[in-house]
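Grab a pencil and open the structure viewer. Below are a few short exercises, each with a worked solution, so try each task before you read on.

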Amino acid sequence: MRRLRQPKIRDLVRETELTHNDLIYPMFVGEGDAKPIEIKSMPGQFRYPLGMIADEARIVADMGIPAIMLFGVPLHKDKLASSAYAQDGVIQKAVRAIKDELGDELLVITDVCLCEYMTHGHCGIVENKKILNDPTLELLAKTAVSHAQAGADIVAPSGMMDGMVDAIRTALDDEGFQDMIIMSYAVKYASAFYGPFREAAESGYAFGDRTTYQMDPANSDEALREAALDLDEGADIIMVKPALPYLDIVNRVKTELCVPTAAYSVSGEYAMLKAASQKGWLDEKAAVMESLLAIKRAGADMILTYFAKDAAEWLR
Ligand code: PBG
């Protein structure tokens, strides 16, 4: 076996290669912020004010990264998440600003969820401490349409409500957005690795947890059923989240369903690698690039990662 591990032949026999085209960079935009705010548990990651988001997106595009995923932190929260689908909401304004600056140079994906916009921080309408499924669908559809009207290229519903893709596809088609792509967070586990994100997006919840809508980490067949349902409802790309602890799931979705598959390497994965690197316990570049390669090898066609800018730089 060692003959093919000699330096002169390694490039030729390598099965997997990571490139710029695999990367999607998640970005946070804060409606009430006057300057960039560093996220404490994610060193090197910032929440940007609306006035800076287009310039930051320009930097990402110039590094050769093809796409970003946008998350909004609104000033106003209520029990119907009304700023999630407001025409002048934080995401709607951010998308317009980025598209004015960059046009088709950068693909803009918007996270379609209500948790950041709800006073209680849950991803759906709440009644008597229950997260209601069907009444939530209409709000998700309105949110997706408003993102499309602002100029988003892809909408990415992440609320794990049953029927959300169907509701969004139908509403988009009715409004004339037949070409709008849907990347569904079809397989989203109730994971402890989202902790730092909730600080960044101010989307911690007031009671309970997300286990009645996000998936049980113990289940794998269920992931395929979730993905199959979303494909049936009109999803174009299936996302698995988190990534590193769920490579078996990434692999099953890709090999059993044969669909474009995205893997989201989440905030907790970033925090782990970053913290160990800062302590000098891991070689950051080597550990990050190995992790990204492993996610791709498992079957991901694209990877959402907070390391996208670092990786783009290291890949040059
Ligand atoms: C919102 C959402 C979350 C993440 C992406 N979209 C948080 C959650 O479900 O609690 C997590 C992303 C990350 O941890 O990097 N529904």
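**Exercise 1.** How far is an oxygen atom of the ligand from an N or O atom in the side chain of Y306?

*Solution.* Keep in mind that you're working with a predicted model. Pick out the N or O atom in the side chain of Y306, then go to the oxygen atom of the ligand: the distance is 2.6 Å. Now check how much of the ligand is hidden. On its own the ligand has 400 Å² of accessible area, and the protein covers 100% of that.

**Exercise 2.** Find which atoms of the ligand pair up with the side chains of R210 and K241.

*Solution.* Start with R210: an N or O atom of its side chain is 2.8 Å from an oxygen atom of the ligand. Next, take K241. Here the partner is a nitrogen atom of the ligand, and a polar side-chain atom of K241 lies 3.4 Å away from that nitrogen. With a cut-off of 3.5 Å for a polar contact, the K241 pair at 3.4 Å still makes the list.

**Exercise 3.** Describe the surroundings of the ligand: where does the ligand sit, and how many residues surround it?

*Solution.* First, the place: the ligand is in the largest cavity. Second, the head count: 18 residues surround the ligand, and the closest include K188, R198 and S267. Third, sort that shell by class, and you get 10 nonpolar, three polar and five charged residues.

**Exercise 4.** Work out how strand β3 pairs with β1 and with β2.

*Solution.* Begin with β1 (residues 23–30) and β3 (residues 46–49): these strands run parallel, joined by three bridges. For an example, go to G30, whose bridge partner in β3 is P49. Then turn to β2 (residues 37–38). This strand pairs with β3 in the antiparallel sense, over two bridges. Look at E38 this time, and you'll find F46 as its bridge partner in β3.

**Exercise 5.** Hunt for two backbone oddities: what kind of peptide bond joins K241 and P242, and what is phi of N128?

*Solution.* Go to the loop between β10 (237–241) and α8 (247–257), where P242 has its place. The peptide bond joining K241 and P242 is cis, with omega about -10°. Then move to the loop between β6 (125–127) and β7 (130–132), which holds N128. Phi of N128 is near 50°, a positive value in a residue other than glycine.

Conventions. Residues numbered from 1 in each chain as written. Predicted model: local features only at pLDDT ≥ 70, side-chain atom pairs only at ≥ 80, totals over all residues. Heavy atoms only, no water. Near = heavy atom within 4 Å. Polar contact = N/O pair within 3.5 Å; in protein donor to acceptor, adjacent residues only side chain to side chain. Areas by Shrake-Rupley, 256 points an atom, 1.4 Å probe, with all protein chains shown as cover. 1 Å grid on protein atoms, 1.4 Å probe; cavity = no way out; pocket = protein on both sides within 12 Å on 5 of 7 lines; lining within 4 Å. Sits in = over half its atoms within 2 Å of the grid points. Nonpolar A, V, L, I, M, F, W, Y, C, P; charged D, E, K, R; others polar. Pairing = 2+ DSSP bridges. Helix = DSSP H or I, 4+ residues; strand = E, 2+ residues; numbered from the N terminus.
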